[in-house]
Amino acid sequence: NFGSAHPEGYRKALRLMKMADKFGLPIVTLIDTAGAYPGIGAEERHIAEAIAVNLREMMTFEVPIIACVIGEGGSGGAVALAAANRILMFEHAVYSVISPEGCASILWRTSEKAADAAEAMRITAQQLEQLGIVDEVVREPLGGGHRSPAMAISALSQAIEKSLDMLGGQTSHDLRQGRREKFLAMGVL
């Protein structure tokens, strides 16, 4: 599925997150998807509802949630796993609510303007950190994380540990309120 989850995948992820919440374990999501699976079958099995339920339920969890964008974080498929207290992102990853090609085809009626759309959307880790969407940009090994997976994993692990330490002393109310405020502030300039 090219990294695109079906509705059942989002429901399974939610089941596991609920279990972690029940046992008081922090939740860490790894996001690398172009989006939710776009097929007719996924629509028939209510993909939009599965994504919406994930977002709603993640806002209620009483444990820290850290979302890590490790490659491509695209569309609602990525957002459904990113309702978190902290969002970490590899420096060469991208994160957006729509692909640049999709945006260009809507705005200019041609996907040939994808580069213009990508620039306007500000989808890079550095741009998203400036906008306050991403909390920390995680440095990758020279040439990207795939060149040295062990180094990339180590850098991400350290960033996750740092985030857990930052969130560790907060009450469940503070964690929920922080998530809510974080997402309400998105898009406000």
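**Exercise 1.** In this predicted model, find which helices and strands each supply at least two residues of the lining of the largest pocket, and then say which of them gives the largest share.

*Solution.* Start with the strand: E4 (94-96) is one of the contributors. Next come two helices, H7 (125-131) and H9 (172-185). Now rank them: H9 provides the largest share of this lining, three residues.

**Exercise 2.** Describe the largest pocket by its volume, its central residues and the character of its lining.

*Solution.* Begin with the volume, which is about 450 Å³. Then turn to the wall: 19 residues line the largest pocket. Nearest its centre you will find Val 97, Leu 128, Ile 133, Met 186 and Gly 187. Finally, sort the lining by residue class: 14 are nonpolar, three polar and two charged.

**Exercise 3.** Take the second largest pocket and work out its volume, then the residues closest to its centre.

*Solution.* The volume of the second largest pocket is about 250 Å³. Its lining is made up of 17 residues, and Gly 9, Ala 13, Thr 29, Leu 30 and Leu 81 are the closest to the centre.

**Exercise 4.** Which elements give two or more residues to the lining of the second largest pocket, and how does that lining divide by residue class?

*Solution.* Two elements to look for here are helix H1 (7-22) and strand E1 (27-33). Of the elements, E1 gives the most, with seven residues. For the last step, divide the lining of the second largest pocket by class: 10 residues are nonpolar, five are polar and two are charged.

How values were computed: Residues are numbered from 1 along each chain as its sequence is written. This is a predicted model: local features need pLDDT of at least 70, side-chain atom pairs count only at pLDDT 80 or more; totals for chains, interfaces and linings use all residues. Side-chain values use heavy atoms; hydrogens and water are left out. On a 1 Å grid over the protein atoms alone, a cavity is a set of points where a 1.4 Å probe fits but cannot get out, and a pocket is an open set with protein on both sides within 12 Å along at least five of seven lines; lining residues have an atom within 4 Å of a point. Grid points are joined across faces, edges and corners, and a volume is the space filled by probe spheres set on the points. Helices (H or I, at least four residues) and strands (E, at least two) are DSSP runs, numbered from the N terminus. Ala, Val, Leu, Ile, Met, Phe, Trp, Tyr, Cys and Pro count as nonpolar, Asp, Glu, Lys and Arg as charged, and the others, Gly among them, as polar.
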